[in-house]
Amino acid sequence: MEYKQELIVNKLVLLGNGFDLALGLRTGYADFMYWLKKKLILEAFQYPGRRASRHYYGYLENDIYTIEIPGTTEQNWGIWLTQYKNTKVSYEEERRDFYKFIRNQASSLTVKPVSNFINQIDKNIENLGWVNIEYIFYQNLKVAKGSDINTLNAQLVQLKGYLKEYLIEEQDKIKSESSSFSPYRSRICQSILQQNEFNPEVDLDNKELKLGKIQFVNFNYTNTVSKLIKQFDARQELITNPIIQIHGGLDESMIFGYGDEEDDDYPRLEKTGENKYLEHVKSFRYLQNSDYYDLIRFINSSPYQIIILGHSCGLSDRTMLKELFESENCLSIKPFYYQWSEEYEEEGEPRTILCDDYFDKVMEISRHFTNNGLMRKKLVSFDKCEVMPQILNRI
């Protein structure tokens, strides 16, 4: 019988917002903005009165929106709220009708973004993710001057405050005993790893790859990964390190900003001598605790495979991801991808085609490498990757 030498390989699991979405939580940017606009309109109705020689049934102004209700929208709004409280319609229908209601009430209800930054993200609600919001913030910051920098920072802070409030409500909808975690547990905790998922230039001949430590790096603010770990058995818990909550949690530790120090314009911002340009640079915020150093110690300790679950690998986390991907100890990068079906018609007959975002993920990952040849050796090929497990119904 041929003896095989064991090679212990750790797993570094990167969790992004797609993980929470796959579990059924409504943590997308469009969901948050729907919640926020409803909340602010309700608040505006609590402040009627006369402003600038005009009577308002409701008025609200903050760092994100100005809401003006000069007409008798209150009665119509009450009817709309009652309709959706007492009837069973899908969440998607309710959200669609909400924006239709705002458009129809345009003469007596205005919800106006207060700046170009807010206007950009407001106009693209359905197409943006959190990483895109951070990117748009950074693009606006690069051209901001004087007091506009302070205004932009204040807008991001207020947006972050509302996001914290929303996610605290949302994360409680999924319980620790939920069966939604089972597919992730089985995939993450496999004790024997497959050689064909690893860099072909690494000498793996006559070696059996065995799982060492598991390190979760949670880029979300929610606590869903801790609920996943609660379903691990005693052996799995023993090999699982404390979670690295790299962007903080739903408290004062929350980090929301940008992390692309590789951008050509970043040195220019540093050289201005204005600290307000750097107020929301993620790498500075990482110094609030030892999580970042714990992560570096982990990647320097042993060979590891990266598992990507729901992380877009966008440029707002470029500095950190580049360090994780290009490390000599990183032997493999395995992204889980989304798959969906699209309907179309061909010669009068309905057809269905399966679509996926594997190659979109690969292109995002490639932006964190200075050597694309190295990237191709580390990335697990499509036929060896897996579809992201998802529940069928949103919570």
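Let's start at His280, which touches Phe137, Asn153, Leu156, Val157, Phe256, Gly257 and Tyr258, leaving aside residues up to four places away in sequence. Keep in mind as you look around that this is a predicted model. His280 sits in the loop between α11 (266-271) and α12 (282-285). Is this loop residue buried or exposed? His280 counts as buried, because its relative accessibility is 6% and the cut-off for buried is under 20%.

From there, turn to the parallel sheet. Four strands make up this open sheet, in the order β7-β1-β8-β9, and the pairing is parallel. The edges belong to β7 (207-218) and β9; each has a single partner strand, so one side of each has no neighbour in the sheet. Going from one strand to the next, the twist averages 25°.

Now look at how β8 is held on its two sides. Strand β1 (residues 5-15) runs parallel to β8, and six bridges join them. You can pick out individual partners here: Leu12 stands opposite Ile306 in β8, and Val13 has Ile307 as its bridge partner in that strand. With β9, β8 pairs in the parallel sense over five bridges. On that side, Ile307 stands opposite Lys334 in β9.

How many of the residues of β8 are buried? Six of its six are, so the strand is mostly covered by the burial cut-off of under 20% relative accessible area. In a regular strand, side chains alternate between the two faces of the sheet. Check both faces of β8 and you'll find each one covered: Tyr304, Ile306 and Ile308 are buried on one side, and Gln305, Ile307 and Leu309 are buried on the other.

Next door, Ser332 is worth a stop. This residue is found in strand β9 (residues 330-335). Ser332 is buried, because its relative accessible area is 0% and buried means under 20%. Its contacts, not counting residues up to four places away in sequence, are Glu197, Phe198, Tyr304, Gln305, Ile306, Lys378 and Val380. What lies 2.6 Å from a polar atom of the Ser332 side chain? That's the backbone oxygen of Glu197. Ser332 and Arg376 are 44 residues apart along the chain, yet 9.9 Å separates their C-alpha atoms.

Glu197 turns up again when you look for enclosed space. Rolling a probe the size of a water molecule over the atoms shows where empty space is left. The structure holds four cavities of 30 Å³ or more, and the largest cavity has about 90 Å³ of space. That cavity is lined by 13 residues, with Lys11, Arg187, Gln190, Glu197 and Lys334 closest to its centre. Both α8 (182-188) and β8 (304-309) supply at least two residues of the lining.

The largest pocket is another place to explore, with about 1,300 Å³ of space. Its lining comprises 48 residues, and Asn17, Leu21, Gly129, Trp130 and Ser312 lie nearest the centre. Which elements give two or more residues to this lining? They are α1 (17-22), α2, α4 (91-104), α6 (130-143), α7 (147-171) and α15 (358-366).

One of those helices, α2, leads to the other open sheet. This one has three strands in the order β4-β5-β6, and the pairing is antiparallel. The edge strands, β4 (58-61) and β6 (110-113), each pair on one side only. Here the twist from one strand to the next averages 15°. Helix α2 (residues 29-44) packs on the sheet and touches β4, β5 and β6, with its direction at about 50° to that of β5. Within the sheet, β5 (residues 65-69) and β6 pair in the antiparallel sense over four bridges. Look for Ile67, whose bridge partner in β6 is Val111.

The tour ends at a hairpin. Strands β10 (residues 339-346) and β11 (residues 349-356) pair in the antiparallel sense over eight bridges. Glu345 has Pro350 as its bridge partner in β11. Two residues lie between the strands, and Glu347 in the turn has a positive phi of about 55°.

Notes. Residues are numbered from 1 along each chain as its sequence is written. This is a predicted model: local features need pLDDT of at least 70, side-chain atom pairs count only at pLDDT 80 or more; totals for chains, interfaces and linings use all residues. Side-chain values use heavy atoms; hydrogens and water are left out. Two strands pair if DSSP finds at least two bridges between them. Axes are lines fitted to C-alpha atoms, for helices over the stretch in contact, and angles run from 0 to 180 degrees between N-to-C directions. Contact means heavy atoms within 4.5 Å. Buried means under 20% relative accessible area, exposed over 50%, partly exposed in between (1.4 Å probe, protein chains only). A polar contact is a pair of N or O atoms within 3.5 Å; within protein, one must be able to donate a hydrogen and the other to accept it, and residues adjacent in sequence count only if both atoms are side-chain atoms. On a 1 Å grid over the protein atoms alone, a cavity is a set of points where a 1.4 Å probe fits but cannot get out, and a pocket is an open set with protein on both sides within 12 Å along at least five of seven lines; lining residues have an atom within 4 Å of a point. Grid points are joined across faces, edges and corners, and a volume is the space filled by probe spheres set on the points.
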